[in-house]
Each structure stands twice: as structure tokens, then as C-alpha cells.
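Subject: Structure handover

Dear colleague,

I am passing the structure below on to you, and I would be grateful if you could look through it alongside these notes.

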Amino acid sequence: MSRFQKFILLLCLVPSLVFADDASNSFLRFIKRIISRGLSSYRSTTIAHSEFEPSQASGEVVSNVNIFNGQPYYSIPLTSINARGILSWSLSLNYYGGIQPILQSSNESAPSGAYGLGWNLSTPYVAINHQGTVTTTDDFIYCDLGPYGGGQILQNDAGDYYVSTNPYIKVLSTVSGKQFSKWKFIMPDGTVLFFGESSNARRTQLSRGNVVAAFPADTTGLEPFVYRYDLSKVTDFNDSTELHFGYSKVGEIAAPGKSYTRESALSRIYWKDGDKTIDSIAFIYAPMGASEYPGYGTAEPKDSQRLYETRFLSKIKTFVQGNFYEEITLTQGIRHVSNLADKRYLLSVKDSIIGGEARSWTFDYNESNGLLNQVVLPDNSADHFNYSNIALDSFSDAKSPSEPDTMRNMSGGQVQIPVADRENYLNGVSCSEEFCYATLINTQAGDNKQDLFVQIYHNDGNYFSDPFNLQMTGKEAPRLFSFSNYLIIADAGGRDIDFYEWNGFRFVQQDSVVGDFFVTPTELLGTIENIVTQENYFLVVEKDGDTRRIYPVVRHPSTGNWTLLPKTKDLCGFPNTSNYGEPIRSGSSNACLEWSYPITVDASSTMFIVGESHNDVLNVFAFKDGDFDELTSSTSVFPDFGIQKTDNSITYTMNFQNGLDGLTLLGNTLFVTLNKSGTEYIVAMYFNGIHFQQMANEHWDDGAYQCNGNVFCGDKFAIMDNYVVEISKAKSNVFLWRKKVDNGTIVYELDKNGIFPFNGTSNNVFVSVTRDALYLEERYESTRPVIQNGRYHNLLLRIPRDPANPVSDHTSELDSNVFDVQFSQSDPIVFYQTGLTADSTLCPPGVLCYVGSYSRQRNFYNSPFFLTVPFLEESLRFYYHSLSNQVLFSSPNRLIIKTVVDSASGKNLIGLAQYSG
């Protein structure tokens, strides 16, 4: 007998079931309030993406449909093992339909997996995103407990761990040195699950010092660090019966004599009575094709320690009393879905009892979206699936309207923009995975002061909540600084500063928690120059004449409370008072972090670096466990590039002896630019956890010094894992550096010819980068795109991960009126704008233009380079009449926001959207 299920495919924004009457509105409102935001914000290159994506999303499954998000869910029971009738473990193949981001990406960035696209063999584990550090206090820990559920592992005020979705599960961890060595979960029914009991059940990456890193030139102190704990054994309530789990691990050599766990797969489940194995289940795998996974190229470095699978499950064999009893065969194949990447699909499962009966399931998939279309069951009946789309605006009270929102002040009134003064207004936007921020600054608010308005939208699953409004008015230069779940509004040029933290429901002002100048601004001797934000700390940079001071505010590792570290060098514990070859500040000052001249600051999760403009000394402060340690107390923290100061046979590697133009830090990679007597130096380094390793040392005569009194005007860098983009106004060109392995070490190789000439005297270059693509666009100082040869002047390149493969130019695939292309860093999407006048010509200076915004999918294994995909709600695509430099949208990253200073309405218009997958 045929059965039929109908559910909604999430292609727009909000999925739901189809109801026949309007009475469903209250049910839909209930659903949207409990949809989980998911775990996508915790993805990291230090952990496989799939290990932070639950095998099934939150929600009740009814008739093979998850009623909370409309995605299909299907389960096929395979086999089980039973010990004495006391303890058993069942295996099933489970299908979940949230596959669109994988289909919209190449196998190089989103492979199909070992069981076929969308399918998963639920094997419990504990996975940790270490955020690139060895410190455990910033870890994000997730567990999959199989039949017992799973979720994020949190720590309470007493220091005890618990599962966020079920506090009745008792969680016990064992810590060895700097890391967890194993985990134990005691279930309410008395069953106990053990994880990471043996090395076979622990997957590791290489680390050194406080960073997860593997630089091959120096392997001293390179040690394994666990990122995943697989299920080792299961016992009953009185520990009398045990089931054991074994794994087939595959290592990848990242440095001489040092390897990490690239992949591991369940190989065996068995029950032993004493030394004798009674029953067991064996898992057999076959190799995938080389195009199905992101393997390493011949010249590609392995410092990122990439995780990927190269095998797929082909058979499962069951043995009872040592005798071969059952064989399950999984047939998989490569299939193509229109305009999407080729993926591996599970086609059939055949279960055969040796010498007995057999049963089978066959699967068919939708040709347009790749989702499960039909399952033919062993009795030849079939389960069918049908898909429909639904838009977010069907939710009657969703805060993401079909018409754009407008900027409001804290009292709720709309901010009006006089048409004659519209160019005095600066609008800005940014989004994290959870929040979108819209800002509007009136640069001429009266008495040479400025007004800042901030409107914050919180993503509550598949809709945006009522916005939060903040403002700072009548100040020198009020600005917004945000990171993750906190934000700071500060007067950059004054002393006022307000700190807000998200408490799960709203942003709460926490000035009194930090204290000091957050409550009493006159505690600052000078004015605020900058705020540098990171996940677990932020830096307030103070300007007092030529003197600069830095005040770190850190999040407590256990309580999560924020604390301003001591401001005086006798208490702070990390004052930069080491011997740098010459003093860089007054010895009479008691300030902890103080410099006598202007500074430039950049930061990562593991450190911040300060460059001082007069003596050109670099100070490095490593962050760990809520405190800092100055690494430049060692004279050899940096490589000797032959340009640092030497005195009495001691080379002070942090002292670059004048000419420091700038520095750029991302993760563990640092680029420094210097100019000495008309010769430009660019040095690149990699922090290996102890000190910096040389990656590049380029220099050439570029004529007269270009900074013209600006102490930090050096080249700008956009750093990706496999390449770096250098924007040089001095040389009026953009240069590409590709990372490669050369003679056993990792280097950056520079293309000195340049890839994008532009007018460096008066213009800038906009850059958008992702792992495999690069977009450049020349812009005037007003941010309006430059027109050249009848099109906006831009460049679109594909950059293969393997440096042995050439870069390819795809600019011709962009229409002439396309500008502002931006890539998402977490999803396979691209956003861009088009601009034309009323007579369909490109937008010249100072002319109002009609501008439209569009979305596209990135897929490099098809032609053309980009493919259209309608994933954003319609409200973001409103057309408007405006100056092109007052049209902005945030970089797409699951959420996206557009803001426009509209000439017709005199309002700041705001549109919101979310990538649906």
C-alpha cells in the first residue's frame, strides 16, 4: 500500500506545513518561537563542519516530517547487538533533508559524506571547537548521544558540566594537562556511555603553546590535541555488561614525523565475555573518487590540518557466536542535480540473512532539488514526498516585512533625513550569525558634533525580532564596535563609552560591571582613539597627545563576567617594559601599557600586536585563560630579516628601526610593511605557538616615502588560508600572494606583476574574498565605483586551493552594470548590486541611480562561474533612488542587511534577509 507525506522545502525563509484554514496562524507563531538558531556560528577550520551539525535538527517528527522546519526525516533500522538480554545497541540509517548548502557547494568545500548525501549512521561522539587555541575555557563542546539525544555541553557556576538539552544526564570529564582526556555520560536509566577511553577513540590535531597549529619548519614541542572523542564503550547500570566500539583511523602527516587524525570511521562493535568475543558487527568501506573530497595538492601546505573523508560505507557484517550471520550492502552512486554540484547518493540498502531471507530498500531523489523523493520498502510499498515553498511574510507578525524598515531613535520615532543634507549622513551595516546592526551617523549635527543611531536585529530562528535601538548624540565621533554577543558604543575623540552584552533576550548595559572609566569618563586622561574587539577580550586605545595607552577588558574564563585588567604596571603583570634595544616610553610612568608615540593595533583570538611609530618596535601580547603574557620579552620572538636592530651582538627582532608603515594579523599569520629610505619591505610570519616563523621577505625600491605625515599608511592585506591580497596605493596596484610548500617549509610566493592596476593617488580598492574566489573593485574616495571602458572597473578571479593550479579570470561573466560583489564565508552564496540611471547608463558621479540587489550561488564545477538561486526574501530586493555611495549591505553570512539613504522618502531604509539553505 502506498503512503504519502507532504512537507515544505525551505528555499525562501520560513518552512511550515500546509494548512487549509487561517486558524493555523497561531500554530505558526508558536513554531517560530521555538526554532533553534542552530550551530553554524561555531564552525571552524579546526573541526569538521559536520561534527557541529546535528544529524537531525530540533523538532518533533510526524509522518517523516520535522514539523518545526518542514524538512524530511527518514530512518531505516539496520541491525543490532544484544548482550545477555541486558544491554543492546541498535544501528539505523537516518536521513535529514537540510542538504541545500551542501548541494550548492562543490565537493572541495562540502563533500557528500560517507553514507550518501543527507544520510547519517548515528554514532555518538563528543566534539570540541577549540577556537584555534589550546585554552579550554573558550571551547565550544557538542555531543551526539545517539538514542539519548545530544546538544551543547555547558558548565555551571559550580564548574560541573551538563547537556543543554537534558540536565538529567550526568556528565563527568577527565582533564589531563591542558585538555580533556575522556568523557563519561550517565543516563537516567543507568546506562553509561564512555568516550575517548583509548587512543583509538580520540581524534587529534597538532598544537604548540596556546595555538592549534602545525608549521613544518620547526616541530619542537608539537603535540597532539584532541578535537573529537568517539564512543568507546557502553555499560549497563551495574557495570556488569559491556559493548565495545572500535575505529579505523587515518592520519595525515602535516610536519616531519608529526601527523593529525584526518578521518576516522566506526569499524567494529563487539560484546566480549572475558577474553572471548561473542557477537560483533563489522563495517567495511570503499574508496571515494579523488574529486569527491578536498584532498591536498602537490604544493599545498597542511598547516590548516584539514579534516575530510575519503571512504564510503559499502557493507555491514554481523557475527553471532563467531559465525557470519547477516550482511547489509549499501549501494551508492554519483548523481547530478540540475545547476547543482555532483554528489554521492545512497541508492539502495539490501539486508541478507545468511542462508535465509533478504529485504531491500531503494531510494529516488528529486531531480530539481536533490531531496529524497521516494523510498520503496521491502514489501514493495512506497513512501512518497512532495515539496513546496513558503515565504517568510506568511508569518503574520514576522519582523522582516515585505517593505523595508526605517531607522528609529530610542523613543521610537523615525529619523528624518533632509534631502538637502543627505550627503552629511553616513549609513553602515554589519551582521554576525545572530545579529544584524544598522547604523546612521549625522556628521553635521550642530556645533561640529555628530549623532549616531543604532538599530539591532536579533535572529530568532527563521525570523527577526523587534529591533533594539541605541544612540549616542552630540559627540565628537560616536561609533559602534561589535563582536559576537556584545557591543560597544564609544565616542572616538571623546571619553564616553557604553558597553552592552546580550543576555539571551536583550542587550543589557554593563558599564557598572566593568567600572572605572566606563562609569566615570574622567578616569581617562585623554580621549578614546579606537576599540579592538575579540571573542573573549577587547582593547580600549586611549590618545593623550602623542602618548597612547591600551586598557584590556577580558571575559572571565569561568564566570563569563567582564573585567578591566589593572591599569598600572606594578599590578597588571604584563607591562611592556622589556629591553627592545631602546626605550619606547618614559620610565617614570606607572601605566601598564603605554607608548610615547602613535601606535597601530591588530588582534586575534590568541594575541594582540602593537606597532609603535617612532622607534618601530612591535609588542606581542599572548592571550590565555583571561590574562596576557608579553612574548616580546624574548629578543628572538621574530625571525631575523636582516633589518632589525643589533647592539652588542644581540639582535632585537622586535625592533624594526624606523619605517614601520603598518601590520595586519589574522589568526596566526602576520604581515608587516616597512619603508626604509625609499625601499619597501614586506615581511610575512606565522606564529607557531612559541615564536614567529618566516614566510616571506620581499623588498624593492619604490622611490620616495609615500606616507606624507601619516604614520601608518602602508599596504593593506586581506588574508585567507591559502592566499593573501595586497592593496598598494603607493604602487597603484593589487598583488596576489599564494601560500605553498617550498623545501619543507611554508612560504608566500608573490606575483610582482600585480593583478589589478588602479589610481592609487586618489582612489581605493574594495576587496571581497573567500577560500576559492577573489573580487576587486576600484572606488573613488566617496566609495562610488569607478567606470572604465564602459563597465564598472572590477576583477573576479577563481583561486584554486592548490598553488600548482593557475588562477582563472571570470570577470567577463559579470554584466557591465554589476558592482559590490560580496562572498559569504560560511555559506555557498554571493551577493551583488547593479546600478543604472533612468536611461539605462552606468551611474556617473553625483547622479541619482536606480540600484538593485541580487543573490547568486557559487559553484565552481559548473559553467558559468555563478548560478542564480532565489534564497533571500523579497524585501531585500527593493529598488530605490539614491546616491550609490549611500547604498550598503553587510557581507552575506547566513544573515544579511541592506541600508539605503533614500532620496525620495528622506529616510534611512533597512532591509533584512536570511539564507535559508
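The notes that follow go from the whole chain to its cores and then to single residues.

This is a predicted model, in which local features need pLDDT of at least 70 and side-chain atom pairs count only at pLDDT 80 or more, while totals for chains, interfaces and linings use all residues. Residues are numbered from 1 along each chain as its sequence is written, and side-chain values use heavy atoms, with hydrogens and water left out.

The chain contains four helices and 67 strands, where helices (H or I, at least four residues) and strands (E, at least two) are DSSP runs numbered from the N terminus. Of its 917 residues, 58% count as buried; buried means under 20% relative accessible area, exposed means over 50%, and partly exposed lies in between (1.4 Å probe, protein chains only). Among contacts (heavy atoms within 4.5 Å) between residues at least 6 apart in sequence, 55% join residues at least 24 apart.

The largest nonpolar core, meaning a set of buried Ala, Val, Leu, Ile, Met, Phe, Trp, Tyr and Cys residues joined through side-chain atoms within 4.5 Å, has 67 residues, and those touching the most other members are Trp-119, Trp-183, Phe-185, Phe-283, Phe-363 and Leu-372. Apart from this core lies another, of 66 residues, which includes Phe-574, Ile-643, Tyr-681 and Tyr-686. Leaving aside neighbours within four places in sequence, Phe-283 is in contact with residues including Leu-91, Leu-121, Leu-266, Ile-269, Leu-313 and Ile-316, and also with Ser-267, Arg-268 and Lys-315.

Glu-263 lies in strand β18 (residues 258-273) and counts as buried because its relative accessibility is 3%. The side chains of Glu-263 and Arg-262 are joined by a polar contact of 2.6 Å, that is, a pair of N or O atoms within 3.5 Å, where within protein one must be able to donate a hydrogen and the other to accept it, and residues adjacent in sequence count only if both atoms are side-chain atoms. Not counting residues up to four places away in sequence, Glu-263 also touches Ser-248, Lys-249, Val-250, Tyr-308, Glu-309, Thr-310 and Arg-311.

Two loop residues deserve a look for their backbone angles. Most residues other than glycine have a negative phi. Asn-380, in the loop between β24 (372-376) and β25 (382-388), has a positive phi near 70 degrees, and this residue is exposed, with a relative accessible area of 68%. Thr-783, in the loop between β55 (773-779) and β56 (787-788), has a positive phi near 75 degrees and counts as partly exposed at 35% relative accessibility.

With best wishes
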